[in-house]
Amino acid sequence: MSDDLLRYRSEFPILERTTYLISNSLGAMPRGVADAMKGYAETWAARGVRAWEERWWMLAAEVGDRIGALMNAPKGAVATHPNVTTCQAVVASCFDFSGRRNTVVYTDMNFPSVMYFWEAQRARGARVRMVRTDDGVTAPTARLLDAIDDETLVVPISHVLFRSAFINDAAAIVEKAHAVGAHVVLDTFQSLGTVPVDVQRLNVDFACGGVLKWLCGGPGTAYLYVRPDLAQTLQPTFTGWFAHENPFGFEVGPTRYTTAAYRFMNGTTPIPALEAARPGLQIVADAGVDRIRAKSIRQTTRLIELADRHGWTVNTPRDPGKRGGTVSIDMPHAEQVCRELLRRDILVDWRPKAGVRMSPHFYTRDEELDTAIAAVEEILSERPVAG
Ligand SMILES: Cc1ncc(COP(=O)(O)O)c(C=O)c1O
């Protein structure tokens, strides 16, 4: 069938040499990143410190707005940080855990780094309520909603679960949280770029994620959206001079927060990472998340059919409306199978309680799914594999 999105393949050099099914972990590098890195070095070499004024100071705002446009955020509502864990820390620093409303509610299907961060906030007085999954695939929505009450301060939750690609019911979670006066931090790392995200329609308080997976933006750039009306009332205590109203005044004493997106930033921004993020964001915006989503549903459905045909366990929702861009397939000796697939340049990963995760993206050919599944079949027929 004709697949217009395949015209972007030539932008990604690694697709010429590998079967790239790992965008849930690290999206393929656009060839434009090499030029972006060269441009960065040339700017630094030629312009020196003047680069800050001419380009670098505002780069985080520009990249934040590009990311914001993909999630229907208004301009100036997205700050950037090096990673999602830092984004969680900025959010936590806006709150005080000494009062009665000091409970953090989430599920055990959150990404571990997010979990480790909030668990550690017990030391600052937070109470943590973790709702457990029944099946290792889905998050128990009804129990999660029940756990959110008038003592809940914050609900940090993954939009799409990294292990199973289950899509949490973000709208229901936000509605319940707001009804009792709690805030939601939606981790859109595994959704933005493959599943449509509309922060204004969801009316979510915070959204964060990184660009290195589905946005093909490389490591070092993460984003933090804060609902604009809420933003002006919050004063993050994890702060720094980039968040100051007049950073070059070098004022002594307490900070005066800026009203811009930089309010939720702190120290000097990682310019190379921001430069590297731009080409991927441009391509994803150009390709269009709705078209990417339609293709993703078609290809993940195909992967599930192929896995079923071999009798392997599918640890991913079968309902496409509840499934993100990844299919987790557990077959005998899955970890070794994964290792052998990597050796054959079929790039996937393996995670405990998930199996082999396969993630087609807009640049994936349908035939590549057949190639990957045929390779698994061949590896299993050649058993015992080493390890
Ligand atoms: C849902 C989700 N959140 C967060 C992370 C990573 O967090 P950090 O940017 O802090 O490394 C990942 C994966 O790397 C993830 O899948």
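1. Start with M130 in this predicted model. At 26% relative accessibility, M130 counts as partly exposed, because the partly exposed class lies between under 20% (buried) and over 50% (exposed). M130 sits in strand β4. Setting aside neighbours within four places in sequence, M130 touches Y106, T107, D108 and M115. Its C-alpha is 9.2 Å from that of M115, and the two are 15 residues apart in sequence.

2. M115 leads to helix α4. M115 is one of the buried residues of α4, along with P112, V114, F117 and W118. What do these buried residues pack against? Their partners are α3, β3 (103-107), β4 (127-131), β5 and β6. Helix geometry is worth recalling here. An α-helix has 3.6 residues a turn, so residues three or four places apart point the same way.

3. Next, the loop between β4 and α5. T133 lies in this loop. Leaving aside neighbours within four places in sequence, T133 is in contact with D108, M109, T138 and P140. T133 and L144 are separated by 11 residues in sequence and by 9.8 Å in space, C-alpha to C-alpha.

4. V137 also belongs to the loop between β4 and α5. Is V137 buried or exposed? V137 counts as buried because its relative accessibility is 11%, and buried means under 20%. Beyond neighbours within four places in sequence, V137 contacts M109, L161, S164, F166, N315, T316 and P317. For V137 and T301, the sequence separation is 164 residues and the C-alpha to C-alpha distance is 16 Å.

5. Helix α6 covers residues 170-180. Its buried residues are A170, A172, I173, V174, A177 and V180. They pack against α5 (141-147), β5 (152-158), β6 (183-187) and α7 (199-202). G181 follows α6. The phi of G181 is positive, near 85 degrees.

6. The largest pocket has a volume of about 360 Å³. Its lining holds 17 residues. Which of them lie nearest its centre? They are H159, I167, P196, R201 and L202. Two elements give two or more residues to this lining, α6 and α7. By class, the lining divides into 8 nonpolar, 4 polar and 5 charged residues.

7. The second largest pocket holds about 260 Å³ of space. It is lined by 20 residues. V84, F111, F189, L212 and K213 lie nearest the centre of the second largest pocket. Here the elements that give two or more residues are α3 (84-92) and α4 (112-120). The lining of the second largest pocket splits into 10 nonpolar, 8 polar and 2 charged residues. So α4 appears twice in this note: it contributes to this lining, and its buried residues pack against α3. On pockets in general, rolling a probe the size of a water molecule over the atoms shows where empty space is left.

8. Two residues other than glycine deserve a look at their backbone angles. N203 has a positive phi, near 60 degrees. N203 is in the loop between α7 and β7 (206-210). At 37% relative accessibility, N203 counts as partly exposed.

9. K353 also has a positive phi, of about 65 degrees. Its loop runs between β12 (349-351) and β13 (355-358). Is K353 buried or exposed? K353 counts as exposed, because its relative accessibility is 69% and the exposed class begins over 50%.

10. Last, a helix pair. The axes of α2 (residues 50-70) and α9 (residues 271-287) come within 10 Å and cross at roughly 35 degrees. The crossing of α2 and α9 is left-handed. From α2, the contact uses W52, R55, W56, L59, A60, E62, V63, R66, I67 and L70. From α9, the contact uses I271, L274, E275, A277, R278, L281, Q282, V284 and A285. How do the contact residues divide by class? There are 13 nonpolar, 1 polar and 5 charged.

Technical notes
Residues numbered from 1 in each chain as written. Predicted model: local features only at pLDDT ≥ 70, side-chain atom pairs only at ≥ 80, totals over all residues. Heavy atoms only, no water. Axes fitted to C-alpha atoms, helices over the stretch in contact; angles between N-to-C directions. Helix = DSSP H or I, 4+ residues; strand = E, 2+ residues; numbered from the N terminus. Left-handed = near helix turned anticlockwise from the far one by under 90°. Contact = heavy atoms within 4.5 Å. Nonpolar A, V, L, I, M, F, W, Y, C, P; charged D, E, K, R; others polar. Buried < 20%, exposed > 50% of the residue type's maximum accessible area, 1.4 Å probe, protein only. 1 Å grid on protein atoms, 1.4 Å probe; cavity = no way out; pocket = protein on both sides within 12 Å on 5 of 7 lines; lining within 4 Å. Points joined across faces, edges and corners; volume = space filled by probe spheres on them.
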